[in-house]
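Student: I'm new to this one and a bit lost. Could you pick one part, take a close look at it, and then work outwards from there?

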Amino acid sequence: MPFRPLLTVALSGIVAMVTSALATDPSAQLPRILVAALAHSDDEGAAAPVLARYAREGAQVYMLVVSDGSAGSGQQGHIPRPDGTPTDDALTTVREEEARCAAQALGIRPPILLGFPDGKLGDYTGDRSLIYRVTQRIAEELRRLHPVVVITWGPDGGTGHPDHRIVSSIVTQLQRTGAPGVPERLFYMSLPVESIQAMNPQRGAPPLLVPKPTHFTTRVSFASEDLAAAKRSMACHRTQFTTEVVERVTSAATRAWNNAIPLVPAFPAAAGTGLFE
């Protein structure tokens, strides 16, 4: 048989195999893109090992940070912040650099910083258009990135922070309304009670904040190197956490996670052991 017909037959076979694989596994047609939609530049800690794992495995992983972080100073909520923390615009600049440091530590893409006022995302009385502008910007970025998976805070907001809850509600709203680029696979992250207590020793167990274990139907495993990356990312946020707090919180989280981070699927069909499966 001449060479050209043989080549044609071989190529036809390869095309048939690829087509069959794509038909069997629709996710194979899409790039693996994961977006963590966050209120603040240090929020990634609740799912940091998972972000590091998927980045290490070749996925495109992004942090979408809604606020500018300008309110993250002072001894708020009994969290001992480092002395000499800058404030206002100076703090915003520093926190942008800390976010870039954290993303680099996790091996993910540079952070997307929307720059809305920290601690005021729900200030409807002060600015009637703010919530709509925040919603529009989050929608625009998700449409541009077109992720396969989104992780965000759950309704509890992790620590109960109103900004966390606003971002969670907006992302959920966009999914429910079928906004372009917003995937079906939406997961809520949360902080284990051990981490909250380690960060705020005076606070005790937070009431009505941590979801029941039955809701955490997705558990995503991670390797020791992913945990190490998560610890490095938390240490990047020098204006937010002292070295002692980083050690205390990461130790508590490590014990609570036990090599897998529990997530709550926004919709039951997403339950499992992986985010893209």
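Tutor: Glu244 counts as partly exposed, because its relative accessibility is 44%; on this scale buried means under 20% relative accessible area, exposed means over 50%, and partly exposed is what falls in between (1.4 Å probe, protein chains only). Keep in mind that this is a predicted model, where local features need pLDDT of at least 70 and side-chain atom pairs count only at pLDDT 80 or more, while totals for chains, interfaces and linings use all residues. Residues are numbered from 1 along each chain as its sequence is written, and side-chain values use heavy atoms, with hydrogens and water left out.

Glu244 sits in helix H9. Helices (H or I, at least four residues) and strands (E, at least two) are DSSP runs, numbered from the N terminus. The chain folds back here: the C-alpha atoms of Glu244 and Met199 are separated by 9.9 Å, with their positions 45 residues apart along the chain.

So what does H9 pack against? One partner is H8, whose axis comes within 10 Å of the H9 axis, and the two cross at roughly 150 degrees. The axes are lines fitted to C-alpha atoms, for helices over the stretch in contact, and the angles run from 0 to 180 degrees between N-to-C directions. That angle makes H8 roughly antiparallel to H9; under 35 degrees counts as roughly parallel, over 145 as roughly antiparallel, 65 to 115 as roughly perpendicular, and the rest as oblique. On the H8 side, the contact is made by Leu227, Lys231, Met234 and Ala235. H9 brings Val245, Val246, Glu247, Val249, Thr250, Thr254 and Trp257. Contact here means heavy atoms within 4.5 Å. The crossing of H8 and H9 is right-handed, meaning that the near helix is turned clockwise from the far one by less than a right angle; anticlockwise would be left-handed.

H8 also holds Glu225. Glu225 is partly exposed, with a relative accessible area of 46%. Its C-alpha atom is 8.4 Å from that of Arg53, although the two are 172 residues apart along the chain.

Now look at the loop joining the two helices. A disulfide (a pair of cysteine sulfur atoms within 2.5 Å) links Cys101 and Cys236, with an S to S distance of 2.0 Å. Cys236 lies in the loop between helix H8 (224–235) and helix H9 (243–257), and Cys101 in helix H3 (residues 88–106), so the pair ties together parts that are 135 residues apart in sequence. The torsion about the S-S bond is about -60 degrees, so the disulfide is left-handed. Its two ends sit differently: Cys236 is buried at 5% relative accessibility, whereas Cys101 is partly exposed at 25%. The model's count comes to one disulfide.

For a second helix pair, try H4 and H6. Their axes are 10 Å apart and the packing angle is about 60 degrees, so H4 and H6 are oblique to each other. H4 contributes Ile131, Val134, Thr135, Ile138, Ala139 and Leu142 to the contact, and H6 contributes Ile166, Ile170, Val171, Gln173 and Leu174. This crossing is right-handed too. H4 also carries Glu141, which counts as buried because its relative accessibility is 9%. Leaving aside residues up to four places away in sequence, Glu141 touches Leu64, Ile112 and Leu114.

H6 has several buried residues, among them Asp163, His164, Val167 and Ser168. What covers its buried residues includes strands E1 (33–38), E2 (60–67), E4 (149–153) and E5 (185–189), along with helices H4 (130–145) and H5 (157–160).

Two loop residues are worth finding as well. His146, in the loop between H4 and E4, has a positive phi near 50 degrees. Leu208 has a positive phi near 55 degrees, and this residue is exposed, at 89% relative accessibility. Most residues other than glycine have a negative phi.

Stepping back, the chain has nine helices and seven strands, and 47% of its 277 residues are buried. Among contacts between residues at least 6 apart in sequence, 79% join residues at least 24 apart.
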